[in-house]
Amino acid sequence: MAFAYSGISVTVGIGNEDVSSLTDLFNAQQWVETNIAQYYPATDISGILVGNEVFSGDDSQLKNDLLPAMQNIYTALKNRGFENDVFVSTPHSQAILSTSFPPSAGAFVPDIASKYLAPMLKFLREIGSPFMVNPYPYFAYKANPQTVSLQYALSASTSLSTASQTVAASSITTSVTDPNTGLIYYNLLDAEVDAVYAALEGLGYSDIKVVVSETGWPSVGDPDEAGATVQNAQAYNSNLIARLERGQGTPAKPDVPLQAFIFAMFNEDLKPGPTSERHYGLFNPDGTPAYDFGLLPTSMSSPVDPYSVYYHMSSCASQLVTLSISLAITSFITNCFLIQCSLLY
């Protein structure tokens, strides 16, 4: 495998189309043998993400199958003696929240909470795994650019160009205060994460860590997609990397450094939907950088092999060992399961 002996921690994802088959323990064991055991520990596989945003979809059978599939994957790992080194979880959309503002009022959709999340959270607590969520401040800004500050969405402290998009100065706010707690939020990502923490606390699971399994900003969009520019994508991801390097937590969880995965490694030129959906990548499909996101080797010329970026970042690990940084870059590989390559220092 390309990441063997690289020093890079890899999180492997299982597509939604494969989840239901894993409710059979034999299939789960075969999956672990094929996709984990033959690569581990030469490849530092740190986690398995079962499905993606299942509870915000319409497939009731898939929703019912998700937890049994996760339990079987965990059992298969345990049978191999990997359970203490490889976590099991599943990413969730922000759509599972019924309330997200103010952050302290965060709450899950009641039906999802009672039927699906309560038993899943019990399982995550038992095995010591995080709750994974996919917050995208871009969506909030895109939906209402006249009232959501671009600086607040980008986690920026200075004014940034929005290209053809102009935000009225009178509508810009660079911080938001939670009226219930008095906590001050200087960026929307923190507010979205803390809303999830509040929702977990409401169900009695304040001890479970929240990990950002996807977040990003598109570099190109349609004319009606406010803020989808190279400058803003570069700013969002650069600001995120900088705060991860500082080991910062959120206002509600200041002592828990935020862990986040950047979406995505490549622009997905065949993906349907708005133009922005095809332009979250750090690289173009031909391997050239979409923009400088702050981690490219200075000697690297275009076009580049993205895998060499992994090894460049890995070679920096010894210099950054004291930092609490968790950066990940997401991409699809040929057999269609998701790999998230993370640097955990």
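This section describes the overall make-up of a predicted model, then one strand, one residue and one cavity.

The protein chain contains nine helices and 13 strands. It has 345 residues, of which 52% count as buried. Contacts with a separation of 6 or more were examined by distance along the sequence. Residues 24 or more positions apart account for 67% of them. The exposed area of the protein chain is about 14,600 Å². Carbon and sulfur atoms supply 52% of that area.

Strand E10 spans residues 210-215. Six of its six residues are buried, so E10 is largely enclosed by the rest of the structure. The cut-off behind this statement is a relative accessible area under 20%. E10 pairs with two strands, E7 and E11. Strand E7, residues 131-134, runs parallel to E10 and is joined to it by three bridges. Within this pairing, Phe131 has Val210 of E10 as its bridge partner. Strand E11, residues 260-262, also runs parallel to E10, with two bridges between them. Here Thr215 stands opposite Ile262 of E11. The link between E10 and E11 involves a helix. E10, helix H8 (residues 230-245) and E11 make up a β-α-β unit, and the unit is right-handed.

Val88 was examined as a single site. This residue lies in strand E3, which covers residues 87-89. Its relative accessibility is 0%, and Val88 therefore counts as buried. The threshold for that class is under 20%. Setting aside residues up to four places away in sequence, Val88 touches Ile48, Val50, Met70, Ile73, Tyr74, Leu77, Leu124, Ile127 and Ser129. Val50 is 38 residues from Val88 along the chain. The C-alpha atoms of Val88 and Val50 are 7.3 Å apart.

Empty space inside the model was also surveyed. Rolling a probe the size of a water molecule over the atoms shows where such space is left. The count comes to one cavity of 30 Å³ or more. The largest cavity holds about 30 Å³ of space. Its lining consists of Val193, Tyr197, Lys209, Val210, Thr250, Val256, Pro257, Leu258 and Gln259. Val210 connects this cavity with the strand described above: the residue is part of the lining, and it is also the bridge partner of Phe131 in E10.

Terms used:
Residues numbered from 1 in each chain as written. Predicted model: local features only at pLDDT ≥ 70, side-chain atom pairs only at ≥ 80, totals over all residues. Heavy atoms only, no water. Helix = DSSP H or I, 4+ residues; strand = E, 2+ residues; numbered from the N terminus. Buried < 20%, exposed > 50% of the residue type's maximum accessible area, 1.4 Å probe, protein only. Contact = heavy atoms within 4.5 Å. Areas by Shrake-Rupley, 256 points an atom, 1.4 Å probe, with all protein chains shown as cover. Pairing = 2+ DSSP bridges. Right-handed = clockwise from strand over helix to strand, strands pointing away. 1 Å grid on protein atoms, 1.4 Å probe; cavity = no way out; pocket = protein on both sides within 12 Å on 5 of 7 lines; lining within 4 Å. Points joined across faces, edges and corners; volume = space filled by probe spheres on them.
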